[in-house]
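The exercises below concern how the parts of a protein chain meet. Work through each task with the structure open, then compare with the solution.

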Amino acid sequence: MVRGHRTRPGGAGLRLLAATAAVTDRVDVAVVGGGIAGMAVAYELAADRKVLVLEADSGVGLHATGRSAGTLALGYGPPRIRPATRLGLPLLKEPPFGAPLVTPRPVLWFADRAHAVDAWTRFQEVCASTSDTRIVDRTEVPEIAPLLRAEAVAVAMLDESAMDIDVHGLISGYLKGLRTRGGQVQTGWRLVSAEHHGDWRLAAADGRTVRADVVVNAGGGWAAEIAATLGDGSVPLRIQRRSAFLARSHACPPVPGGAMVASASGAFYVKPEGTGYLCSPIDRTVVPAHDPKPDELAIARAIEDINAATELDLRSVTTAWAGLQCFSPDGLPVVGFSLAVPAMFWLAGLAGFGIQTAPGFGMLAAASIRGETSGGLSPFEPGRFN
Ligand SMILES: Cc1cc2nc3c(=O)[nH]c(=O)nc-3n(C[C@H](O)[C@H](O)[C@H](O)COP(=O)(O)OP(=O)(O)OC[C@H]3O[C@@H](n4cnc5c(N)ncnc54)[C@H](O)[C@@H]3O)c2cc1C
């Protein structure tokens with residue numbers, strides 16, 4: 001039995017005071033969803049637009065965003081998302097709202113003999129498409145990731161440029177920057193109905209209303225529901241639960257800056273965090289949109305796999321949590337104006353790479369909403385599903 005939390009302890013989310021303070025009821029852009037995606041685009045647009053973020057929960061970043069592992073790795077995810085990750089890097093390295101938000105954290109992907117053939121093919125594909133990763137010889141592995149058992153590694157690939165993102169710092173910075181630019185956030189504001197007559201009239205569950213020229217759907221795991229409320233059922237999104245947990249190791253106390261290790265077969269990942277290790281069973285159970293609990297069985301299996309492949313000897317879980325990941329049918333994000341309804345902009349389907357790509361997609365989305373050409377978004381247009 002693990003001690004489970006829905007929200008990650010010490011996670012990125014910010015509960016906000018004065019949740020129901022009066023705000024402007026007529027804005028240029030209403031952003032539905034105050035996760036990293038919504039906050040990124042809201043911050044960017046607030047430079048020259050009147051922006052309001054409408055968030056159902058009591059604060060921003062409390063769902064997938066506040067529960068992530070906060071890893072940025074260019075070798076992770078489909079190659080087409082890499083330009084967005086790269087575009088956001090300067091903001092993460094030198095944010096306009098404070099201290100740097102990234103620290104180096106190399107990632108070593110590895111596979112045992114049973115999974116070596118598939119992993120080798122994938123590693124070669126990744127290395128051919130980005131210079132940030134390289135295949136490493138087994139003899140190098142003990143130096144890079146001393147916690148891995150030698151017999152667990154048949155092939156390995158290293159991303160030395162990978163980083164940890166300070167997700168709390170990022171979401172706080174976006175919030176501060178948004179407010180400085182005159183943007184606002186309404187919490188406890190769950191979109192339940194919408195009509196478009198020249199502009200959008202949006203209504204919350206508690207009766208509050210807002211009018212907006214453009215609505216951004218940044219609802220994460222709830223993006224399909226929000227789209228349906230806005231009248232666009234054109235993008236079939238799949239929602240998956242992803243669990244994570246913290247555990248201590250008496251056998252191998254964490255080394256600051258030590259590498260993250262991820263099994264290429266998808267059994268687990270582990271990285272040092274504070275006085276312990278942040279781990280995930282990389283579970284992918286398809287679920288309806290809801291606030292999920294961690295999958296205890298998947299966590300128990302991951303602990304077995306981690307103990308078989310590493311010297312960590314994990315015995316108990318300090319705490320566990322889970323969040324929703326949202327996937328489009330082709331696995332690429334959905335970013336662009338809806339073709340089904342007027343003035344509705346999609347910013348969803350950020351899967352397992354939404355933290356690392358949100359700063360870049362926030363910039364691209366803001367440019368597109370302003371009517372500037374944003375060729376960087378063509379692979380992500382929602383119209384590809386019509
Ligand atoms: C365990 C785990 C580990 C992860 N690790 C990483 C990682 O290492 N690196 C990485 O890049 N990504 C990672 N991810 C993925 C990343 O967390 C997500 O892609 C990202 O947070 C998605 O952000 P979002 O803003 O789209 O969604 P969310 O953060 O879920 O925000 C959506 C918001 O919409 C609000 N909402 C829903 N319905 C309504 C409504 N009707 N009205 C108003 N508001 C509404 C919700 O309350 C929520 O706050 C991880 C995810 C999980 C679960």
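**Exercise 1. The interface in pairs**

In this predicted model, the interface of domain 1 and domain 2 holds five residue pairs in polar contact, both residues at pLDDT 80 or more.

Task: state how many salt bridges are counted between domain 1 and domain 2, and sort the residues of domain 1 that touch domain 2 by kind.

Solution. Start with the charged pairs: the count between domain 1 and domain 2 is one salt bridge. Next, identify a pair by its side chains: D291 and R67 form a salt bridge, with N to O at 2.8 Å. This lies within the 4 Å cut-off for a salt bridge. Then sort the side of domain 1 that touches domain 2: four residues are nonpolar, five polar and two charged.

**Exercise 2. The interface as area**

Task: locate the two domains in the sequence, then describe the area buried between them.

Solution. First take the bounds. Domain 1 consists of 14-68, 167-235 and 330-385, while domain 2 consists of 106-161 and 238-327. Their C-alpha centres are 31 Å apart. Next come the contacts: eleven residues of domain 1 touch twelve residues of domain 2. The size of an interface is often expressed as the accessible area lost when the parts come together. Here about 1000 Å² is buried between domain 1 and domain 2, with 60% of it on carbon and sulfur atoms. On the side of domain 1, R67, G221 and A351 lose the most area to domain 2, and together they make up 49% of what that side buries. R67 is also the partner of D291 in the salt bridge of Exercise 1.

**Exercise 3. A salt bridge and the annotated range**

Task: explain what the salt bridge of E160 and R134 ties together, and give the helix and strand content over residues 28-367.

Solution. The structure holds 17 salt bridges. One of them joins the side chains of E160 and R134, at 3.5 Å from N to O. E160 sits in the loop between β9 (155-159) and β10 (163-165), and R134 in strand β8 (residues 133-136), so the pair links parts 26 residues apart in sequence.

For the range, an unreviewed UniProt entry lists residues 28-367 as "domain: FAD dependent oxidoreductase". Over residues 28-367, the chain is 26% helix and 31% strand. The end C-alpha atoms of this range lie 14 Å apart.

Technical notes:
Residues numbered from 1 in each chain as written. Predicted model: local features only at pLDDT ≥ 70, side-chain atom pairs only at ≥ 80, totals over all residues. Heavy atoms only, no water. UniProt positions renumbered as here; feature names shortened; annotations may be inferred. Helix = DSSP H or I, 4+ residues; strand = E, 2+ residues; numbered from the N terminus. Domains from an automatic or database assignment. Contact = heavy atoms within 4.5 Å. Buried area = accessible area lost by both parts, 1.4 Å probe. Polar contact = N/O pair within 3.5 Å; in protein donor to acceptor, adjacent residues only side chain to side chain. Nonpolar A, V, L, I, M, F, W, Y, C, P; charged D, E, K, R; others polar.
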